[in-house]
Amino acid sequence: MRFPSAVRQAGLVVAVAALALTAGCAKKDDSEVQASGVKLVAAGKLTVCTHLPYPPFQSKDASGKVTGFDVEIMDLVAKELGVEQTIIDTPFEGIKSGQDLNTGKCDAAAAGMTITEERRKVVDFSDPYFDATQAMLVKTGKTYKSLDDLKGKKLGVQAATTGRDYAKKLEAEKGLKLVEFEDLAALQQAVSNGQVEAAINDLPVWTEYLKKNPGGFEVAAEFDTGEQYGFPVKKDANPELLKKINEVLAKAKQDGSYNTIYEKWIGKQPSA
């Protein structure tokens, strides 16, 4: 049977529209990959942003593989989702500001990141997974025992960290001369070569550094700032992933796997 030209044209328009709608739906599905009901930016992967190096939480081993406390915790999350963890090394500022999450660079971040009210404005945090304490590192033989001893001296801090914020609050009061470094490796090197007299960062970071550099350095002071780490995800955008991370943390603490990872990378847990 033959159809009038106008009818054929109308049918063609409907067919093209249907095809376009189907293609649009397919594109949306591709951009919102699902794993156990959780949206992920890439199929088969839990993409995690971090900032290297920051041992014992995340750093590269001799083979170049990224390992550490945070890495193994997020491996548990990936396993629960039935995917593999993929790690992206990126400047900490992009994690802290939420930009890396907002642009779809990663699903979550694991970077020894302290939960603060300011940061809560731009990211959603998981339940706390680690209690952190700030500490001051000096070369062995230095007599500095507190920030008061550093009046007029150079104190190294890492950019965009709560250690930097803590020192900044006391800068004028203690007469400190703060010197800011982009990453932990540069901060450690500054203490080693005498560019700064001391440096502030998280206690576990210095504890790990002392293990690898025995005899050359010491923790001169600790500052209990009441900090806790959390894993951030995109603000108001992925409640399913946030829920899954929290479930995995709770399960790991209950079945002992959290304690096993803690003792491997940090040491014996402090008594409650």
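In the predicted model, D236 counts as exposed, because its relative accessibility is 66% and the cut-off for exposure is over 50%. This residue is placed in the loop between strand 14 (232–234) and helix 9 (239–255). Although D236 is not a glycine, its phi is positive, at about 55°. Most residues other than glycine have a negative phi, and most peptide bonds are trans. A further departure from the first of these tendencies is provided by A160, a non-glycine residue with a positive phi of about 70°. A160 is found in the loop between strand 10 (154–158) and helix 6 (162–174). With a relative accessible area of 12%, A160 is buried, whereas D236 is exposed.

Cis peptide bonds were also identified. One runs from L52 to P53, with omega near -10°, and P53 belongs to the loop between strand 3 and strand 4 (59–60). Another joins P55 and P56, where omega is about 5°. P56, too, is situated in the loop between strand 3 and strand 4.

Strand 3 (residues 45–50) contributes C49 to a disulfide. A search of the whole structure returned 1 disulfide, in which C49 is joined to C106 with an S to S distance of 2.3 Å. The link between C49 and C106 is left-handed, the angle about the S-S bond being -110°. Distant parts of the chain are connected by this pair, whose members are 57 residues apart: C106 resides in the loop between helix 4 (99–102) and strand 7 (108–109). Both C49 and C106 are buried.

T47 is likewise located in strand 3. Its relative accessible area is 5%, and T47 is therefore buried. When residues up to four places away in sequence are not counted, T47 touches V41, A42, T86, I88, K105, C106, D107 and A108. The contacts of T47 thus include C106, the partner of C49 in the disulfide.

In soluble globular proteins, nonpolar side chains tend to be buried together. The largest nonpolar core of the model comprises 47 residues. Within this core, the residues with the most contacts are L46, F69, M74, F130, W206 and I245. For M74, contacts beyond its neighbours within four places in sequence are made with L46, V48, Q85, A108, A110, F231 and I245. Two of these partners, L46 and I245, are themselves listed with M74 as having the most contacts inside the core. A second core, separate from the largest one, consists of 15 residues, among them L147, L155, A167 and L176.

Helix packing was examined for helix 7 (residues 184–192) and helix 8 (residues 203–212). Two packed helices are described by the angle between their axes and the distance between the axes. The axes of helix 7 and helix 8 come within 13 Å and cross at roughly 60°. Helix 7 and helix 8 are therefore oblique to each other, and their crossing is right-handed. On the side of helix 7, the meeting residues are L184, L187, Q188 and S192, while helix 8 supplies V205, W206 and Y209. W206, which takes part in this helix pairing, is also one of the residues with the most contacts inside the largest nonpolar core.

Terms used. Residues numbered from 1 in each chain as written. Predicted model: local features only at pLDDT ≥ 70, side-chain atom pairs only at ≥ 80, totals over all residues. Heavy atoms only, no water. Core = buried A, V, L, I, M, F, W, Y, C linked by side-chain atoms within 4.5 Å. Buried < 20%, exposed > 50% of the residue type's maximum accessible area, 1.4 Å probe, protein only. Contact = heavy atoms within 4.5 Å. Disulfide = S-S within 2.5 Å. Helix = DSSP H or I, 4+ residues; strand = E, 2+ residues; numbered from the N terminus. Axes fitted to C-alpha atoms, helices over the stretch in contact; angles between N-to-C directions. Parallel < 35°, antiparallel > 145°, perpendicular 65-115°, else oblique. Left-handed = near helix turned anticlockwise from the far one by under 90°.
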